[in-house]
Amino acid sequence: MSTDVISSPPQTVRVRIPAGAANALCQVRPIRSGMASAEVVVRGRRVDIETSDEGQVLFPTDVGLTLLTALNADPALPVAGARALDIGCGSGLYTVALAMAGAAHVTALDVNPACADVTRDNAARNGIRPAQIATIVGDLAELKVAEPWDLVVCNPPHFPHDPVYVANDGIEAALVGGSDGRALYDVLLARLDELLAPGGTLLLTHSSLTDIPRTRQTLRRNGYECRTVQVCELDIPMRRYAKHRDVLLSRLYRLRATERAVFRGLRFEVHTLASTRIDSLNGSGE
Ligand SMILES: C[S@@+](CC[C@H](N)C(=O)[O-])C[C@H]1O[C@@H](n2cnc3c(N)ncnc32)[C@H](O)[C@@H]1O
């Protein structure tokens, strides 16, 4: 891995991916029969993920992979035996990694129907028993919760919307999150009490383009303790929007002018936040 790891738990782990480096957190293999594939090691187990090179499902990015490096950096993050919910499962990267790291069961949710098939394929590729996962196609805003989860993981879209570059396809759903990039973050925060079982943990990939202080304040106001497990500094991944770079950047400049986005040049940060309800920490969960 071509990164500098600067500290380790219980302090926040700091990781710096050098400027110009892409796919620094996984091993990418040459495209074969139109399929792109990547390998990442999570808690000692090798996870293989494939997506179609021209498809509707996001190939794992360094942004998403930071959540897995945080799981590696902090063994205290509770996976073994957990019932987990993977919100916006995409290729199934987290679903497969959690199942291989010992989660009892993982529910993979995505609004993009193509993600359910790709997630099941990737689970099978890695030898996960079909009974260990379930896939749901749907919007988090409408998810029916029969039983809350011990662990919720999510890497939301984090680019602001502009009609110039949105395409109304699966990749847009993966990367673009409403006028300020926060659409899925806000739904998740509004529904967190329903989603998390007492003592449960939310593990969230949070882009500095989408107002981290606002999320932390909301969590605190709602009675959650919020710890920054890892901060990863990297390039803003605008490869998909290279043609629309100026429009995207001008939107980000506007958000930065009102302190809702933080970046310098083309560098930004991805924070891995771990949140737990304080009442459940004290053993007085509802
Ligand atoms: C940044 S991608 C993350 C994919 C995968 N977890 C990863 O890290 O590679 C965000 C995912 O969230 C999904 N998504 C966006 N809005 C959603 C919503 N309202 N409800 C459920 N899934 C949503 C997208 O389709 C996309 O697959």
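This report walks through helix H2 and its surroundings, then visits a few residues elsewhere in the chain. The model is a predicted one, so please read every value below as computed from that prediction.

## Helix H2 and its cover

Let's start with H2, which spans residues 93-100. This helix is mostly covered, with 8 of its 8 residues buried. Those residues are Leu93, Tyr94, Thr95, Val96, Ala97, Leu98, Ala99 and Met100. Just after the helix comes Gly102, whose phi is positive at about 105°.

Thr95 makes a good viewpoint from inside H2. Is Thr95 buried or exposed? Thr95 is buried because 32 other C-beta atoms lie within 10 Å, and the cut-off for that class is 20 or more. Setting aside neighbours within four places in sequence, Thr95 contacts Asp86, Cys89, Val106, Ala108, Thr119, Ala123 and Ile133. If you would like a distance to check on screen, the C-alpha atoms of Thr95 and Asn126 are 11 Å apart, with their positions 31 residues apart along the chain.

Further along the helix sits Leu98, one of its buried residues. Leu98 touches Val79, Ala84, Asp86, Ala103, Val106 and Val153, again leaving out residues up to four places away in sequence.

## Packing against H3

Two packed helices are described by the angle between their axes and the distance between the axes. For H2 and helix H3 (residues 113-125), the angle is about 30° and the axes are 9 Å apart. The crossing of H2 past H3 is right-handed. Which residues make the contact? From H2 they are Thr95, Val96 and Ala99, and from H3 they are Thr119, Asn122 and Ala123. By class, this contact has 3 nonpolar and 3 polar residues, and no charged ones.

Thr95 thus appears on the H2 side of this contact, and both Thr119 and Ala123 are also on the list of residues that Thr95 touches.

## The nonpolar core

In soluble globular proteins, nonpolar side chains tend to be buried together. Here the largest nonpolar core holds 83 residues. Those touching the most other members are Ala84, Val96, Ala97, Leu98, Ala99, Val152 and Val153. Which element gives the largest share of this core? H2 does, with 7 residues. The contacts of Leu98 include Ala84 and Val153, and both of these are among the core members that touch the most others.

## Around the ligand

The ligand is surrounded by 24 residues, and the closest are Gly64, Gly88, Gly90, Asn155 and Ala174. The elements giving two or more residues to this shell are H2, strand E7 (105-110) and helix H4 (170-175). By class, the shell has 16 nonpolar, 6 polar and 2 charged residues.

## Three sites away from H2

The residues below each have a C-alpha partner that is distant in sequence, and the table gives the separations.

| Residue | Partner | Apart in sequence | C-alpha to C-alpha |
|---|---|---|---|
| Asp180 | His161 | 19 residues | 7.0 Å |
| Ile278 | Arg220 | 58 residues | 9.2 Å |
| Ala197 | Val152 | 45 residues | 9.7 Å |

Asp180 belongs to the loop between H4 and helix H5 (183-195). Asp180 counts as buried because it has 22 C-beta neighbours inside 10 Å. Beyond its neighbours within four places in sequence, its contacts are Pro160, Leu255 and Arg260.

Ile278 is found in helix H8 (residues 278-281) and is partly exposed, with 15 C-beta neighbours inside 10 Å. Not counting neighbours within four places in sequence, Ile278 contacts Gly223, Tyr224 and Glu225.

Ala197 is part of strand E10 (residues 196-207). With 17 C-beta neighbours inside 10 Å, Ala197 is also partly exposed. Apart from neighbours within four places in sequence, Ala197 is in contact with Pro148, Trp149 and Asp150.

## Two loop residues with positive phi

Most residues other than glycine have a negative phi. Asn168 has a phi near 55°, a positive value in a residue other than glycine. Asn168 lies in the loop between strand E9 (149-154) and H4, and counts as exposed because only 6 C-beta neighbours fall inside 10 Å, where the cut-off is 12 or fewer.

Glu259 also has a positive phi, about 60°, and is not a glycine. This residue sits in the loop between helix H7 (245-257) and strand E12 (267-277). Glu259 is exposed, with 10 other C-beta atoms within 10 Å.

Technical notes. Residues numbered from 1 in each chain as written. Predicted model: local features only at pLDDT ≥ 70, side-chain atom pairs only at ≥ 80, totals over all residues. Helix = DSSP H or I, 4+ residues; strand = E, 2+ residues; numbered from the N terminus. Contact = placed C-beta atoms within 7 Å. Near = placed C-beta within 6 Å. Nonpolar A, V, L, I, M, F, W, Y, C, P; charged D, E, K, R; others polar. Axes fitted to C-alpha atoms, helices over the stretch in contact; angles between N-to-C directions. Left-handed = near helix turned anticlockwise from the far one by under 90°. Core = buried A, V, L, I, M, F, W, Y, C linked by C-beta atoms within 7 Å.
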